[in-house]
Amino acid sequence: MIRFPNALPYIFAGMRISITLAVIGAVVGEFVAANEGLGYMVFSGTANNDTALTFGAIIVLAAIGISLFWIVGALRWLLVPWARESDEGEA
């Protein structure tokens, strides 16, 4: 009971890193074996020299990754209030 609350800041730090890597993994998976999705749109846009499609899909993927990163950060801020003091030095 005592160790788990003390480990929560580190668990959320790992979740913030892994959520962005999960988006990258999904895109790579769609590069390899998909017929739809944003990763497939990037791949087909580069193959067809459709710059607008490629950059549009990349911007949407970046927005998804950043949003998920912020959501996990907000959950950490709500669920781990005792770790807020250490966040004040971070930018």
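These are my notebook entries on a nonpolar surface patch and the helices around it.

**Setup.** I worked from a predicted model, where local features need pLDDT of at least 70, side-chain atom pairs count only at pLDDT 80 or more, and totals for chains, interfaces and linings use all residues. Residues are numbered from 1 along each chain as its sequence is written, and side-chain values use heavy atoms, with hydrogens and water left out.

**Patch.** I looked up the nonpolar patch and found about 690 Å², made by Ile17, Leu21, Ile24, Val28, Phe31, Val32 and Phe43. Patch residues have over 30% relative accessible area and no salt bridge (Lys or Arg side-chain nitrogen within 4 Å of an Asp or Glu carboxyl oxygen). Nonpolar side chains (Val, Leu, Ile, Met, Phe, Trp, Tyr) are joined within 5 Å, like charges within 9 Å. Areas are Shrake-Rupley, 1.4 Å probe, with only the protein chains shown as cover for residues. Helix 1 (residues 3-33) gives the largest share, six residues. Helices are DSSP runs (H or I, at least four residues), numbered from the N terminus.

**Phe31.** I placed Phe31 in helix 1. Its relative accessibility is 34%, so Phe31 counts as partly exposed (between buried, under 20%, and exposed, over 50%). Leaving out residues up to four places away in sequence, Phe31 touches Gly39, Val42 and Phe43; contact means heavy atoms within 4.5 Å.

**Helix 2.** I found Phe43 in helix 2 (residues 38-47). Phe43 is partly exposed because its relative accessibility is 45%. Gly39, Val42, Ser44 and Gly45 of helix 2 are buried. The buried residues of helix 2 pack against helix 1 and helix 3 (51-79). Just after helix 2, I noted a positive phi of about 55 degrees at Asn49.

Methods: Helix = DSSP H or I, 4+ residues; strand = E, 2+ residues; numbered from the N terminus. Buried < 20%, exposed > 50% of the residue type's maximum accessible area, 1.4 Å probe, protein only.
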